[in-house]
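Here is a friendly round of questions and answers for a computational chemist. Take a look at the sequence and the structure first, and then we can go through them together.

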Amino acid sequence: MLASVLLALAIVVISWALAILALLLAGKPETARNIAAFLPDSLILVRRLLGDPGVPRSRKLALWALLAYLALPFDLVPDFLPVVGQLDDAIVAAAVLRFVLRGAGPARLAELWPGSPEGLAVLSRLAFGA
């Protein structure tokens, strides 16, 4: 069980590193830097959202539920189902993050976002459509 989780984590990290390397080799160092920082910045944002008293309790509970869902050792949607089986975690995470960010508001997002303005613009478009 733990081995499969570690293997999945290793695959994600290796894929992320390969994407960054490909961008560097293509001569796009700024894009590579932004992509490299996006995941850690997003994790910091989640931590800040959970600790912020201005974020409604229902939105924090949704974040905690998402973290519990992602930590489950099994998938609620089986992987043998085409497309949905492989993307269920990403779909649930995107929906919950959109819910939480809409509850926090664009000003709170801008205040709590630790990353680049480009990363903030991406999150704003995803959460608020702006």
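A salt bridge here is a side-chain nitrogen of Lys or Arg within 4 Å of a carboxyl oxygen of Asp or Glu. Keep in mind that this is a predicted model.

Q: Which residue forms a salt bridge with E30?
A: The cut-off for a salt bridge is a nitrogen to oxygen distance within 4 Å. For E30 the closest N and O atoms of the pair are 3.1 Å apart. Both residues of the pair lie in helix α2, three residues apart, about one turn of the helix. The partner of E30 is R33.

Q: Is R33 buried, partly exposed or exposed?
A: R33 lies in helix α2. Buried means under 20% relative accessible area and exposed means over 50%. R33 has a relative accessibility of 43%, so this residue counts as partly exposed.

Q: What is the relative accessible area of E30, the salt-bridge partner of R33?
A: E30 sits in helix α2 along with R33. E30 is classed as partly exposed, a label for values between the limits of 20% and 50%. The relative accessible area of E30 is 44%.

Q: How many residues apart are R108 and D52?
A: R108 forms a salt bridge with D52, with the closest N and O atoms 3.3 Å apart. This pair links distant parts of the chain, since R108 is in helix α5 (residues 106–112) and D52 is in the loop between α2 and α3. Their separation along the chain is 56 residues.

Q: Is D52 buried or exposed?
A: A residue counts as buried if its relative accessible area is under 20%. D52 has a value of 8%, so D52 is buried.

Q: Which residue of helix α5 meets R108 in a salt bridge?
A: The two residues both lie in helix α5, three residues apart, about one turn of the helix. Their N to O distance is 3.8 Å. R108 itself is partly exposed at 23% relative accessible area, while its partner is exposed at 54%. That partner is E111.

Q: Which residues are linked in a network of salt bridges?
A: The structure holds three salt bridges. One of them joins R108 to D52, and another joins R108 to E111. The residues linked in the network are D52, R108 and E111.

Q: At roughly what angle do the axes of helix α2 and helix α6 cross?
A: Helix α2 covers residues 29–51 and helix α6 covers residues 117–128. Their axes come within 10 Å, and α2 passes α6 in a right-handed crossing. The crossing angle is roughly 65°.

Q: How many of the residues in the contact of α2 with α6 are nonpolar?
A: On the α2 side, the residues are N34, F38 and L45, and these meet E118, G119, V122 and L123 in α6. The set includes two polar residues and one charged residue. The number of nonpolar residues is four.

Q: Is K60 buried or exposed?
A: K60 lies in helix α3. Leaving aside its neighbours within four places in sequence, K60 is in contact with L49, L50, G51, D52, P53 and V55. The relative accessible area of K60 is 18%, and the limit for a buried residue is under 20%, so K60 is buried.

Q: How far apart are the C-alpha atoms of K60 and L9?
A: K60 and L9 are 51 residues apart along the chain. In space, their C-alpha atoms are separated by 25 Å.

Q: How many helices does the protein have?
A: From the N terminus on, its elements run α-α-α-α-α-α. The count of strands is zero. The number of helices is six.

Q: What share of the residues of the protein count as buried?
A: The C-alpha trace spans about 40 × 40 × 25 Å along its principal axes. The accessible surface comes to about 8400 Å², with 74% belonging to carbon and sulfur atoms. Of the 130 residues, the buried share is 25%.

Methods:
Residues are numbered from 1 along each chain as its sequence is written. This is a predicted model: local features need pLDDT of at least 70, side-chain atom pairs count only at pLDDT 80 or more; totals for chains, interfaces and linings use all residues. Side-chain values use heavy atoms; hydrogens and water are left out. Axes are lines fitted to C-alpha atoms, for helices over the stretch in contact, and angles run from 0 to 180 degrees between N-to-C directions. Helices (H or I, at least four residues) and strands (E, at least two) are DSSP runs, numbered from the N terminus. A crossing is left-handed if the near helix is turned anticlockwise from the far one by less than a right angle, and right-handed if clockwise. Contact means heavy atoms within 4.5 Å. Ala, Val, Leu, Ile, Met, Phe, Trp, Tyr, Cys and Pro count as nonpolar, Asp, Glu, Lys and Arg as charged, and the others, Gly among them, as polar. Buried means under 20% relative accessible area, exposed over 50%, partly exposed in between (1.4 Å probe, protein chains only). Accessible areas come from the Shrake-Rupley method with a 1.4 Å probe; for residues, only the protein chains shown count as cover.
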